[in-house]
Each structure stands twice: as structure tokens, then as C-alpha cells.
Amino acid sequence: MTLAVDTVVLDIDGVLIDVSKSYRRAIVESIDRVYGDTIDHDTIQLFKDAGGFNDDWELTHAAALLVLARRHGYEYSTVTFTEAIAASGGGVAGAEAVVADVLDPDERERVLAAWDREALTDTFQQLYLGAERYRELEGGEPSLETRGFIHDETVLVEDGTLGTLVERYDVGVVTGRPAAEAAIALDRVGLDVPEEYLFTMDSDAPGKPAPDALVTLAERFGSEALAFAGDTLDDVKTAVNAEAADPDRDYHGVGILTGGLEGETGRRKFEEAGAHAVCESVNDLPAELEPR
């Protein structure tokens, strides 16, 4: 059964662009460079599934907390840690709550004293952007002379897919990328989105899964029914939350299986989160929709 909509909103990472060798690699390597130890690549998805990690800088900060906590007495599995984050409300605040709960006060203070979020973020940006773009976008002199993982990103969406979507629907974007990095990605895939229909990390709206950006786009488009395609559970929850906040419109979350969630397990998790449809890739999205 197809979804009747007049508006399509797209996430970028894991939907239009494969970031497994860029953003996700930057998470792993930033922690390693700052602390000499890190998480493995698969662990990133456990943090994503815990919720509240639309911002990869914040995921890096939370994963670094896990690394530091293990140095100071935390002996439970990563699954236990991320499940506890989810139970504590998700995101960095949830990770801090877990550390506060499982470590004694002295060990907790040692962890927090060693936790350098500024260094983690700066290292992440240098690794991701590379020295040349870091100078251009961050306005500083890098301490690492790197090419940048951004050059290892590949395009997931086909030209024909975007052409079909733009022809049939109003199209907007909601992403956790900073605005400058969103512009680079959209230029790569050939999608021109006016500023009023683009929400990024720098926009004046809370991040996913808060519904604000999606509801605002629906209002700006004059939409009656909107589909939001994303690669994380928080993307689907954003649509669910938007429908609760704005019941006069229809919001449909569509899970895309080209991010960290894959196969039947990924499909099941999306459906349990409230997805109205799940696609193997964004290129299957047009077949799931029909103009309203």
C-alpha cells in the first residue's frame, strides 16, 4: 500500500550520502587520537539506537565517556551501557546519568575531569573536513595535516530518484549536519533546496527526534501529508512526534536501510519505532509514495 503525500522530507546521512567511511570513521578515530582507545565501528549503531544522537559530535562525546568509564571501573557491556542511556532519556545527558549512576563519586570525578568535549569535537572536524576545508570552514589552523574523510563519502541516491521526487512533491531536508557541510552534500547529489526548506544543526530548532523542524516545514509548504525518510530510529520517531504535535496533518516516517540499520533486524526496529514504510534504499522511495 502506497503512502499518499504532497511533501517529502529527506535526511542526508545514510540516505543520500554514505557516511560509514567519513562521519562514522571520524567518531572512532577522534576518540582514539584523544584517549588512545576507542569503540569499534559496530558500537556506533548501539548509540544511535539509544536515541538522542542526531549530532555525531555528541555521539563522540558519549562514546568517549564509555571509554573513560571503563578505565575507572565500569565493567558492563556496551549493550548494557547504551540500553541504560536509552532508559535515561538518550543523548549525552543520558550517558552522563549512566556514568553518575554506575561509578562511585571519586571515579566519576576522574572520568569527568578527563572528558574533553572541545578536543573531541575539534579532532573530529579536522579528521572529517581535512586541513584545507578546516581552515576554510572553521577559521583556524589545524594541528593535523589531513586530506579529510569527507572525500571518502559516496552518493547513495540516483539522479532519477531525485528528479521523480522533485517533480511530484515539495521536497525539504532535515539533517544533523552543520549548514556548511549540508551544502557540500546537497551540491554533490545535485539537490537544490531553498534555505526556508532546509533544517540543519545551525537552524533555530531542536534536533531530531523533536518534531519542530518537520512541523515547521509542513506549515511552510502548506502540506496536508508529509513523508520523512531517514536512516535512524530517531528519524522515524520525529515523524511520530510530529503527528502527535500536529494532528491536523498526516506524517509518515519511512526507514531507509542504507545507514547503520540493515536487513530484517533493521526493518523490524523501524516498524517497532512506528515507520509506515521501510525501503532498502532511498531509490525505492518513489514506489512507496503517490501524489496526494
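This is a tour of helix packing, pockets and one cis peptide bond in a predicted model.

Residue numbers start from 1 along each chain as its sequence is written. Local features need pLDDT of at least 70, side-chain atom pairs count only at pLDDT 80 or more, totals for chains, interfaces and linings use all residues, and side-chain values use heavy atoms, without hydrogens and water.

**Helix 1 and helix 7**

Select 23–35, helix 1, and 117–138, helix 7. Helices (H or I, at least four residues) and strands (E, at least two) are DSSP runs, numbered from the N terminus. The two helices pack at about 130° with axes 8 Å apart; axes are lines fitted to C-alpha atoms, for helices over the stretch in contact, and angles run from 0 to 180 degrees between N-to-C directions. Helix 1 is therefore oblique to helix 7 (under 35 degrees is roughly parallel, over 145 roughly antiparallel, 65 to 115 roughly perpendicular, the rest oblique). The crossing is right-handed, a term for the near helix being turned clockwise from the far one by less than a right angle, with anticlockwise giving left-handed.

Now show side chains. On helix 1 the residues in contact (heavy atoms within 4.5 Å) include Tyr-23, Ile-27 and Ile-31; on helix 7 they include Leu-120, Phe-124 and Tyr-128. By class, this contact has 11 nonpolar, two polar and two charged residues. Here Ala, Val, Leu, Ile, Met, Phe, Trp, Tyr, Cys and Pro count as nonpolar, Asp, Glu, Lys and Arg as charged, and the others, Gly among them, as polar.

**Helix 7 and helix 9**

Keep helix 7 and add helix 9, residues 179–189. Their axes come within 13 Å and cross at roughly 100°, so the pair is roughly perpendicular. Gln-125, Tyr-128, Leu-129, Arg-133 and Leu-137 of helix 7 make the contact with Ala-180, Glu-181 and Ile-184 of helix 9. Five of these residues are nonpolar, one is polar and two are charged.

**Helix 2 and helix 3**

Next, select residues 43–50 (helix 2) and 56–71 (helix 3). The axes come within 11 Å and cross at roughly 110°, which means that helix 2 is roughly perpendicular to helix 3. This crossing is right-handed. Ile-44, Phe-47 and Lys-48 in helix 2 meet Asp-56, Leu-59, Ala-62, Ala-63 and Leu-66 in helix 3. The contact has six nonpolar, no polar and two charged residues.

**The pockets**

Keep Lys-48 and Asp-56 selected, and add Val-19, Arg-24 and Asp-231: these five lie nearest the centre of the largest pocket, which is lined by 33 residues. On a 1 Å grid over the protein atoms alone, a pocket is an open set of points where a 1.4 Å probe fits, with protein on both sides within 12 Å along at least five of seven lines; lining residues have an atom within 4 Å of a point. The volume is about 450 Å³, counted as the space filled by probe spheres set on the points, which are joined across faces, edges and corners. The lining comprises seven nonpolar, 11 polar and 15 charged residues.

Move to Asn-54, Met-201, Pro-206, Gly-207 and Lys-208, the closest to the centre of the second largest pocket among its 17 lining residues. This pocket holds about 260 Å³.

**The cis bond**

Finally, stay on Lys-208 and add Pro-209: the peptide bond between them is cis, with omega near 15°. Pro-209 sits in the loop between strand 6 (198–199) and helix 10 (212–221).
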